[in-house]
Amino acid sequence: MTKIKAAITGVGGYVPEYILTNDELSRMVDTSDEWIMTRIGIKERRILKGEGKATSDMGAEAVKQLLHKTGTKPEEIDMIICAVVTPDMLFPATANIIADKTNIRNAFGYDMNAGCSSFLYALTAASKFVESGSHKKVIVVGADKMSSIVDYTDRATCPIFGDGAAAVLLEPTPAPEGVMDAILQSDGVGRIHLHQKAGGSLKPPTHSTIDAREHYIYQEGQPVFKWAVSKMADVSVEMMERHGITSDTLNWLVPHQANMRIIEATANRMGIRKDQVMINIQRFGNTTSATLPLCLWEWEPQLRKGDNIILAAFGAGFTWGSLYLKWAYDGDKILK
Ligand code: UT7
């Protein structure tokens with residue numbers, strides 16, 4: 001019997017219009033374009049402005065574009081997972097809010113929070129539902145309004161993050177293309193280095209948590225950097241070995257966009273050239289759950305049926321992983 005796989009059959013994306021440049025940041029905190037470009041590799045990031053605008057608004061834009069491009073009606077969608085660390089509110093799930101805003105009424109859905117690995121975890125979970133035969137049209141949307149938890153007085157974190165969203169449609173296929181394999185890992189020992197101190201059940205919001213600025217991202221950059229460099233490369237190299245993929249047969253690495261130096265170290269360990277790596281960190285920064293699908297969205301016209309692609313991420317938790325997929329369609333033949 002032919003094994004049913006889950007294939008990505010379309011990508012939609014959305015980034016807000018407002019561009020926060022390094023020059024503007026240099027007027028807000030003691031930093032410079034030179035420091036940010038050398039240490040992180042980000043030139044600018046997008047910021048969602050406007051009263052009442054949330055993560056779900058960006059997610060909904062990405063999903064609407066995805067439905068349009070793939071000619072899918074909202075009522076055909078039977079599942080939607082939202083990868084997110086900045087949900088609109090603690091409950092209900094942002095997946096439910098996005099479904100409502102896009103008129104998706106026949107789907108069940110939930111949020112997946114695995115730090116910057118959220119999209120990778122969500123894509124893996126979604127592919128299992130499709131492979132089992134229980135669900136036929138599944139949306140995985142990665143969306144984050146990081147500007148809602150960035151402390152714009154902290155020069156160590158504020159240059160890194162940006163806002164954005166992108167979504168993929170997963171459908172069953174008997175063809176050789178689709179999601180082939182995933183390696184997902186986590187180690188909670190790393191949670192002390194990257195987290196949000198207050199706002200959850202451990203430390204509900206009070207005047208003092210606000211005065212202590214505990215509702216913003218807390219990150220110890222160096223330990224996170226060290227773990228990210230080794231773990232993202234470990235699982236990417238392991239994935240190549242498992243499937244006999246070489247630097248010649250890998251078409252694309254899609255790495256989480258946290259730091260250009262982490263991306264380059266991962267590519268070096270895999271023995272691949274920079275032109276095999278999707279990199280848009282210069283323009284979008286670290287959009288957390290949206291980095292991987294935003295890359296697929298931007299590179300879609302260049303993708304060809306059968307391309308070997310490895311996605312890799314590392315994030316809060318710590319969480320990390322890699323996912324191998326064979327691209328299922330010629331990206332330049334899709335409806336625009
Ligand atoms: O997506 C989730 C996973 N997150 C990551 O992967 C992030 C991993 N970490 C990193 O990317 C890097 O550690 C950072 C970009 C966060 C920081 O870079 P770094 O090279 O590790 O810098 P550092 O924290 O060691 O700081 C070096 C110096 C310090 O000054 P002193 O103590 O040497 O005088 C900082 O105060 O750079 C200073 N510094 C800055 N200077 C100018 C820190 N931030 C800035 C800044 N502008 N924005």
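# A tour from helix 7 outward

Start by selecting G244, the residue that follows helix 7; its phi is positive, near 65°. Bear in mind as you click around that this is a predicted model.

**Stop 1: helix 7**

Now step back and select residues 221-243, which make up helix 7. How far apart are its end C-alpha atoms? Put a distance label on them and you should get 33 Å. That agrees with expectation, because 23 residues at 1.5 Å a residue should span 33 Å.

Next, colour the buried residues of this helix: V224, A228, M232, A233, V235, S236, V237, M239 and M240. As you look down the helix, keep one rule in mind: an α-helix has 3.6 residues a turn, so residues three or four places apart point the same way. V224 and A228 are both on the buried list, and so are M232 and S236.

**Stop 2: the ligand**

Stay with helix 7 and bring the ligand into view. Which helix gives the largest share of the shell around the ligand? It's helix 7, with four residues. Helix 2 (33-39) and helix 8 (260-270) are worth showing too, since each of them, like helix 7, supplies at least two residues of that shell.

There are 22 residues around the ligand in total, and those that come nearest are T31, R155, Q222, N259 and N286. Show these five as sticks.

Then pick out some polar atoms:

- R39: an N or O atom of its side chain is 2.8 Å from an oxygen atom of the ligand.
- R261: here the partner is again a ligand oxygen, 3.1 Å from a side-chain N or O atom.
- Q219: its side chain has an N or O atom 3.2 Å from a nitrogen atom of the ligand.

Switch on a surface for the ligand while you're here: on its own it has 960 Å² of accessible area, and the protein covers 73% of that.

**Stop 3: rings and charges**

Select W227, F314, F318 and W320, which ring pairs link into a cluster. The structure holds seven aromatic pairs. What lies over the face of Y218? Zoom in and you'll find K197, at 3.9 Å from the ring centre. A second example is R283, which lies over the face of F284 at 5.0 Å from the ring centre.

**Stop 4: two cis peptide bonds**

Go back to F318 from the ring cluster. The peptide bond leading into F318 from G317 is cis, with omega near -5°. F318 is in the loop between strand 12 (308-315) and strand 13 (319-326).

Now jump to F91 and P92, which are also joined by a cis peptide bond, with omega about 0°. To find P92, look in the loop that runs between strand 4 (79-83) and helix 4 (94-101).

**Stop 5: two positive phi angles outside glycine**

From helix 4, carry on towards strand 5 (108-112); the loop between them holds N103. N103 isn't a glycine, yet its phi is positive, near 65°. Is N103 buried or partly exposed? At 45% relative accessibility, N103 counts as partly exposed.

Finish at R213, in the loop between helix 6 (207-211) and strand 10 (217-219). R213 has a positive phi of about 55° although it's not a glycine. With a relative accessible area of 39%, R213 is partly exposed.

Notes:
Residues numbered from 1 in each chain as written. Predicted model: local features only at pLDDT ≥ 70, side-chain atom pairs only at ≥ 80, totals over all residues. Heavy atoms only, no water. Phe/Tyr/Trp six-rings, centres within 6.5 Å; stacked < 30°, edge-to-face > 60°. Lys NZ or Arg CZ within 6 Å of the ring centre and 35° of its normal. Expected span 1.5 Å × (residues − 1). Buried < 20%, exposed > 50% of the residue type's maximum accessible area, 1.4 Å probe, protein only. Near = heavy atom within 4 Å. Polar contact = N/O pair within 3.5 Å; in protein donor to acceptor, adjacent residues only side chain to side chain. Areas by Shrake-Rupley, 256 points an atom, 1.4 Å probe, with all protein chains shown as cover.
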